[in-house]
Amino acid sequence: MSNQSNSQYFNLTSDGIGFLNRIRVVKSKKGHPYFACTIQASYGDSGDKCRFDVRVVGNEAKEVFQSLIDTYPALLANDAKKHPTVMISFRLGDLNPKAIEFTDGDGQSRSFATIDARLLIAKSIKVNGEVFHRSQYDRASQEASTVEPQKQEQTEPEYGVHRQ
């Protein structure tokens, strides 16, 4: 019997685009402070929304968030009306659905669904419509989508031809 360790795992990721909200610095009791935020992502033909509560973990993403906060300190303000509009193209990992229950100001019990995740890559960020950041991942995906597919010569007969 072999005593090798097999470190295989499955990684659930999601790529998307959405509005970046509630950017904050979380001061951990045990570790270092980290960035967290909420992404209101769009999906489907009708622009349905999905909420992600994320912790920024990617090294490049951490640097981008620090630069974003340095350039736009109003993002940390409590008054959301003072925040600039921020769009993000992203890759998330470790997705985990959660149900959140709370009591609103009127004493009514409310609930909503969210997905906890880790922000691995900030592919691109736009602030008030202006490009703030584009990563190598965003550039690569744009180049791949603009390259015209080359016509390949057909070396095998079409499917079903062998039955004729």
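The points below go through a predicted model of a single chain, from its confidence and layout to particular side-chain pairs.

1. Confidence. The chain averages a pLDDT of 83, and 79% of its residues score at least 70. Helix H1 (residues 59-71) has the highest confidence in the chain, at a mean of 95, and helix H2 (residues 136-146) has the lowest, at 60. Two stretches call for separate mention. Residues 149-157 stay under a pLDDT of 50, and the model gives them zero contacts beyond four places in sequence. Residues 159-164 are also below 50, and this stretch has zero contacts beyond near neighbours in sequence.

2. Layout. The chain holds two helices and six strands. Read from the N terminus, the order of elements is β-β-β-α-β-β-β-α. Of the contacts in the chain with a separation of 6 or more, 53% are between residues 24 or more positions apart.

3. Burial and surface. The chain has 164 residues, and buried residues make up 26% of them. The accessible surface comes to about 12500 Å², with 47% of this area belonging to carbon and sulfur atoms.

4. The salt bridges around Asp15. The count of salt bridges comes to five. Asp15, Arg91 and Lys123 are linked in a network of them. In one of its bridges, Asp15 meets the side chain of Arg91 at 2.9 Å, N to O. This pair links distant parts of the chain, with Arg91 in strand S4 and Asp15 in strand S1 (residues 13-26), 76 residues apart. Asp15 also meets the side chain of Lys123, here at 2.4 Å, N to O. That pair again links distant parts of the chain, Lys123 being in strand S5 and Asp15 in strand S1, 108 residues apart.

5. Exposure within the network. Is Lys123 buried or exposed? Lys123 has a relative accessibility of 10% and so counts as buried. Its partner Asp15, at 40%, counts as partly exposed. Arg91 is at 27% and therefore counts as partly exposed too.

6. Arg51 and Asp53. These two residues form a salt bridge whose closest N and O atoms are 3.2 Å apart. Which side of the 20% cut-off for burial does each partner fall on? Arg51 has a relative accessibility of 22%, so it counts as partly exposed. Asp53 is at 14% and for that reason counts as buried.

7. Aromatic pairs. The model has four aromatic pairs. One of them is formed by Phe102 and Phe112, which meet edge-to-face, with 5.9 Å from centre to centre and 65° between the planes. The pair links distant parts of the chain: Phe102 belongs to strand S4 (residues 86-103) and Phe112 to strand S5 (residues 109-127), 10 residues apart. The angle of 65° is over 60 degrees, so the pair counts as edge-to-face. Phe102 has a relative accessible area of 37% and is partly exposed. Phe112, at 28%, counts as partly exposed as well.

8. Arg55 and Tyr34. What sits over the ring of Tyr34? The charged end of Arg55 does, at 3.7 Å from the ring centre.

9. Positive phi angles. Most residues other than glycine have a negative phi. Arg22 is not a glycine, yet its phi is positive, at about 50°. Arg22 lies in strand S1, and its relative accessibility of 43% makes it partly exposed. Asp94 likewise has a positive phi without being a glycine, here of about 55°. Asp94 lies in strand S4 and counts as partly exposed at 41% relative accessibility.

10. Asp48. This residue is placed in strand S3 (residues 48-56). Leaving aside residues up to four places away in sequence, Asp48 touches Ala41, Ser42 and Tyr43. Asp48 has a relative accessible area of 36%, so it is partly exposed.

Technical notes
Residues numbered from 1 in each chain as written. Predicted model: local features only at pLDDT ≥ 70, side-chain atom pairs only at ≥ 80, totals over all residues. Heavy atoms only, no water. Phe/Tyr/Trp six-rings, centres within 6.5 Å; stacked < 30°, edge-to-face > 60°. Helix = DSSP H or I, 4+ residues; strand = E, 2+ residues; numbered from the N terminus. Buried < 20%, exposed > 50% of the residue type's maximum accessible area, 1.4 Å probe, protein only. Lys NZ or Arg CZ within 6 Å of the ring centre and 35° of its normal. pLDDT = per-residue confidence, 0-100. Contact = heavy atoms within 4.5 Å. Salt bridge = Lys/Arg side-chain N within 4 Å of Asp/Glu carboxyl O. Areas by Shrake-Rupley, 256 points an atom, 1.4 Å probe, with all protein chains shown as cover.
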